[in-house]
Amino acid sequence: MGLKVDVRKLDLFNQMAKEGSGTVAENLGQLTGLDATVRTSQINFLDVEDVKTHIGDDKGVGIYVELNEPPYGYVLFLLEPADSKRMAGAMMGGMGEPSEGEGFSDMERSAMQEIGNIMTSAFIDGWANVLETTIDMGTPNFVFGPADGIVDKMGGWPDSDLVFVVDSRITVDDGDLGMIVYTFPELEDLVALIQGIDLDTDVAVDTEAGNVLD
């Protein structure tokens with residue numbers, strides 16, 4: 001299959017990715033009680049070997065979800081450990097004490113997985129609306145360690161030489177908590193979906209998934 005795509009439709013997809021990141025920021029703000037915004041959102045075409053370099057090797061918490069329908073691939077939420085504990089605490093609503101040291105309790109891991117579920121639903125539902133399809137997703141997975149090692153845990157990388165990466169950086173108003181959202185769709189499946197986008201699509205309206213926190 002060819003990878004040529006109408007540049008106007010690629011621009012619509014770029015808007016879609018930004019709107020989806022904005023929805024994630026809104027939900028992050030509701031979880032933390034802080035004003036969260038999308039600092040940057042960009043699309044990168046990377047060589048498969050360069051993905052780990054792009055992500056870096058700092059220790060972090062990763063919540064990744066596999067997409068079981070086109071465009072397949074993964075959504076990965078990456079946070080610093082301290083930010084993850086803070087979010088887990090907000091999610092637990094004071095039901096458990098923060099664990100000591102670097103590690104995470106089972107309750108904290110479960111809370112972060114639920115956060116990953118909420119965030120992925122918000123992100124992917126907007127995509128599905130624009131693409132006029134459904135995108136089923138798997139169970140969120142919690143990983144703690146060097147960021148590039150989290151990529152190894154995900155596995156299932158495509159055979160193509162290039163990887164399509166949507167990289168969105170989200171931060172809260174006090175700057176003390178942030179999240180990076182990486183989306184790694186299968187390139188050919190994504191192009192097939194992009195080619196089907198209606199050029200008259202109002203991306204801002206169509207990416208409005210329901211408030212999943214209600």
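In what order do the elements of the protein run from the N terminus on? In this predicted model, the elements follow one another as α-β-α-β-β-α-α-β-α-β-β-α-α, which is a secondary structure of seven helices and six strands. The protein has 214 residues, of which 46% count as buried. Among the contacts in the protein with a separation of 6 or more, 76% are accounted for by residues 24 or more positions apart. One pair that is remote in sequence is formed by Asn 14 and Val 166, which are 152 residues apart along the chain and whose C-alpha atoms are separated by 8.8 Å. Of these two residues, Asn 14 has its place in helix α1, where Asn 14 counts as partly exposed at 22% relative accessibility.

The buried side of a helix can be followed in α6, which comprises residues 187–195 and whose buried residues are Leu 187, Leu 190, Val 191, Leu 193 and Ile 194. These residues cover an arc of only 160° around the axis, and they are therefore placed on the same side of α6. An α-helix has 3.6 residues a turn, so residues three or four places apart point the same way. The buried residues of α6 are covered by elements that include the helices α1 (7–32) and α4 (106–131) as well as the strands β1 (36–47) and β5 (162–172).

Helix α4 also takes part in a packing arrangement with helix α3. The axes of α3 and α4 come within 9 Å and cross at roughly 85°, and because crossing angles of 65 to 115 degrees count as roughly perpendicular, the two helices α3 and α4 are described as roughly perpendicular to each other. On the α3 side, the residues that meet α4 are Ser 84, Lys 85, Met 87, Ala 88, Met 91 and Met 92. Their counterparts in α4 are Met 107, Glu 108, Ala 111, Met 112, Glu 114, Ile 115, Ile 118 and Met 119.

Two of the residues in this helix pair, Glu 108 and Lys 85, are also joined by a salt bridge, in which the closest N and O atoms are 3.6 Å apart. The pair links distant parts of the chain, since Glu 108 belongs to helix α4 and Lys 85 to helix α3 (residues 81–92), with their positions 23 residues apart in the sequence count. Both partners fall under the 20% limit for buried residues, for Glu 108 has a relative accessibility of 0% and counts as buried, while Lys 85, at 17%, counts as buried as well. The side chain of Glu 108 has a further partner, as this side chain reaches the backbone nitrogen of Ser 105 at 2.9 Å.

How many salt bridges does the count come to? The count comes to three salt bridges, one of which is the pair of Glu 108 and Lys 85 just described. Another is formed by Asp 152 and Lys 52, whose closest N and O atoms are 2.8 Å apart. Asp 152 lies in helix α5 (residues 147–154) and Lys 52 in helix α2 (residues 51–55), so this pair ties together parts that are 100 residues apart in sequence. Lys 52 is partly exposed, with a relative accessible area of 34%. A salt bridge is also found where the side chains of Asp 167 and Arg 169 meet, at 3.3 Å from N to O. Here the partners fall into separate classes of accessibility, because Asp 167 is buried with a relative accessible area of 0%, whereas Arg 169, at 24% relative accessibility, counts as partly exposed.

Finally, the backbone has two features of note in the loop between β2 (59–66) and β3 (74–79), the loop in which Pro 71 is found. Most residues other than glycine have a negative phi, and most peptide bonds are trans. In contrast, the peptide bond from Pro 70 to Pro 71 is cis, with omega near 15°. Tyr 72, which is found in the loop between β2 and β3 as well, has a positive phi of about 55° although Tyr 72 is not a glycine. With a relative accessible area of 33%, Tyr 72 is partly exposed.

How values were computed:
Residues are numbered from 1 along each chain as its sequence is written. This is a predicted model: local features need pLDDT of at least 70, side-chain atom pairs count only at pLDDT 80 or more; totals for chains, interfaces and linings use all residues. Side-chain values use heavy atoms; hydrogens and water are left out. Helices (H or I, at least four residues) and strands (E, at least two) are DSSP runs, numbered from the N terminus. Buried means under 20% relative accessible area, exposed over 50%, partly exposed in between (1.4 Å probe, protein chains only). The arc is that of the directions from the helix axis to the C-beta atoms. Contact means heavy atoms within 4.5 Å. A salt bridge is a side-chain nitrogen of Lys or Arg within 4 Å of a carboxyl oxygen of Asp or Glu. A polar contact is a pair of N or O atoms within 3.5 Å; within protein, one must be able to donate a hydrogen and the other to accept it, and residues adjacent in sequence count only if both atoms are side-chain atoms. Axes are lines fitted to C-alpha atoms, for helices over the stretch in contact, and angles run from 0 to 180 degrees between N-to-C directions. Angles under 35 degrees count as roughly parallel, over 145 as roughly antiparallel, 65 to 115 as roughly perpendicular and the rest as oblique.
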